[in-house]
Amino acid sequence: EKREMCEEEREGKRRKVSKMEGESGSEKGGSYWEGDCMYDNMTVTEFLRWTNGEVELGDGVSPSSHWAYMDYKYAAEHLSRADKKGESEEDDSGVNEKSERGGRGGEQGGADTPHPSFDHMYGWDKLGFDLDKNRETVLWLGTKGSLTPLHFDAYGYNVVVQAMGEKEWVFFSPAQTDHLYPTRIPFEESSVYSKVNMLESEEAIAAAFPLFSAARRQVVTLQAGDVLFVPPDWWHYVRTTSPLSLSCNRWMAMEERDEKKRVEECVVRTLLTALLPPPRPTQLCEWLNPNEAYWERGECEQVLTALLSGRGSEVGEEGGIGEAEEENGQEKEGSEEGSETESEKGDGVGRIWLKLAEAVSQPDVISLISARLCSTASK
């Protein structure tokens, strides 16, 4: 499991930060993007002991100057017990220390079986959802100041249960998108981020993103026991306002809509893969979010071909356009074996690449791209 830490800014020296300042609780400066944060491995028990000041992590990492977030943890992977004795080492919280981090909407399961009380832990059936799909429940455990950048989710809709503590959700409707400066870098499948850093001062945001001040927001504070429904395409920025927060959520599929979105997401990934450099060995890729897997061109070609030919069910389940084998920056073994692409079969460039090239070179698309490039050339 991953710990995400952001350090405090002091004595004019820029460091990775997340600090609460001001009477209104506004956050000034600090690390906002996941790629600017530090990562480490720890169990839930170690995490809670650190928040209570019982253990130190070195390098001045303390709850008074840092926030920490154990986010995006699939409950089925982290509240589980191994099928075979000795395959995992569990601490007293029942968390499998050897569990791998899952990706959004990816396949769950594997060797681990659910904790005995798992099926009754969340009560999704009270909201009308199938208990058999509880393995898709995602856990979020964070300290005060931990945050999720402003973004919207491409797939389905979101249902959130606040189990402990408080979180502030800042919403913008889809109608406000033109004021929010969408970007696909850093790329994360199904997450469309805003360029706006919500930790910056109003003056700094207004100078860099003048349209943002006209965006109308709605603010909701979730308390323990609250259930939140997030409609499709609604922008949201989330931060923890209590000393400790625990919440869980599920993204619910909207089949027809999601099918189109999966194609869009794969097109974005394929274009970025073709245009930008691959990750260096043992290093994070600069244009990928840290929790996102890098796909080779051949993988992009295979998945996009499958999606366009109506075989999307072969490459992923709800919310996913493929099974991520490793995290961002890590080399995958055997990814090219047993799976020839059209290009490798002797078709030259490959039909899907020709179709993609034809689509992006259409006059209206080129005009739009040129206009965007010209508008940002001086920035």
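Lysine 144 sits in the loop that links strand S6 (138-143) to strand S7 (147-153). In this predicted model, the residue is partly exposed, with a relative accessible area of 41%. Its partner in space comes from another part of the sequence: lysine 144 and threonine 241 are separated by 97 residues along the chain, yet their C-alpha atoms are 5.3 Å apart.

Glutamine 218 gives a second example of this kind of pairing. This residue belongs to strand S12 (residues 217-222) and is partly exposed, its relative accessible area being 47%. Between glutamine 218 and phenylalanine 171 there are 5.0 Å from C-alpha to C-alpha, although the two are 47 residues apart in sequence. Phenylalanine 171 is also one of the residues that glutamine 218 touches; once neighbours within four places in sequence are set aside, the contacts are Trp169, Val170, Phe171 and Trp234.

These pairs can be placed against the chain as a whole. The protein chain holds 8 helices and 15 strands. Of its 379 residues, 47% are buried. When contacts between residues at least 6 apart in sequence are considered, 78% of them join residues at least 24 apart. The accessible surface of the chain amounts to about 19800 Å², and carbon and sulfur atoms account for 50% of that area.

Among the helices, H4 (residues 255-275) can be followed through several of its partners. Helix H4 is built from 21 residues and extends 30 Å from its first C-alpha to its last, close to the 30 Å expected at 1.5 Å a residue. Its buried residues are Asp258, Lys261, Arg262, Val263, Glu265, Cys266, Arg269, Thr270, Leu272 and Thr273. The elements that these buried residues pack against are strand S10 (182-188), strand S11 (191-194), H5 and H7. As background for reading such lists, an α-helix has 3.6 residues a turn, so residues three or four places apart point the same way.

The meeting of H4 with H7 (residues 351-360) can be described in more detail. The axes of the two helices come within 12 Å and cross at roughly 95°. This angle falls between 65 and 115 degrees, and H4 and H7 are therefore roughly perpendicular to each other. On the H4 side, Val267, Thr270, Leu271 and Ala274 take part, and they meet Trp353, Leu356 and Val360 of H7. Sorted by class, this contact comprises 6 nonpolar residues, 1 polar residue and no charged ones.

Valine 360 offers a view of this contact from the H7 side, as it lies in that helix. At 29% relative accessibility, valine 360 counts as partly exposed. Its C-alpha lies 9.6 Å from that of leucine 271, a residue 89 places away in sequence. Beyond neighbours within four places in sequence, valine 360 is in contact with Leu271, Val365, Ile366 and Ile369.

Helix H5 (residues 297-308), another partner of the buried residues of H4, has 12 residues, which at 1.5 Å a residue should span 16 Å; the end C-alpha atoms are indeed 16 Å apart. Buried within H5 are Gly298, Glu299, Cys300, Glu301, Val303, Leu304, Ala306 and Leu307. Just past the end of this helix, glycine 310 adopts a positive phi of about 80°.

Some further backbone features deserve a look. Strand S10, which also packs against the buried residues of H4, is home to proline 186. The peptide bond that joins isoleucine 185 to proline 186 is cis, with omega at about 5°. In the loop between strand S9 (167-172) and S10 lies tyrosine 181. Tyrosine 181 has a positive phi of about 55° although it is not a glycine, and with a relative accessible area of 16% it is buried. Tyrosine 72 likewise is not a glycine but has a positive phi, here of about 60°. Tyrosine 72 is part of strand S3 (residues 67-74), and its relative accessibility of 3% makes it a buried residue.

How values were computed:
Residues are numbered from 1 along each chain as its sequence is written. This is a predicted model: local features need pLDDT of at least 70, side-chain atom pairs count only at pLDDT 80 or more; totals for chains, interfaces and linings use all residues. Side-chain values use heavy atoms; hydrogens and water are left out. Helices (H or I, at least four residues) and strands (E, at least two) are DSSP runs, numbered from the N terminus. Buried means under 20% relative accessible area, exposed over 50%, partly exposed in between (1.4 Å probe, protein chains only). Contact means heavy atoms within 4.5 Å. The expected span of a helix is 1.5 Å times one less than its number of residues. Axes are lines fitted to C-alpha atoms, for helices over the stretch in contact, and angles run from 0 to 180 degrees between N-to-C directions. Angles under 35 degrees count as roughly parallel, over 145 as roughly antiparallel, 65 to 115 as roughly perpendicular and the rest as oblique. Ala, Val, Leu, Ile, Met, Phe, Trp, Tyr, Cys and Pro count as nonpolar, Asp, Glu, Lys and Arg as charged, and the others, Gly among them, as polar. Accessible areas come from the Shrake-Rupley method with a 1.4 Å probe; for residues, only the protein chains shown count as cover.
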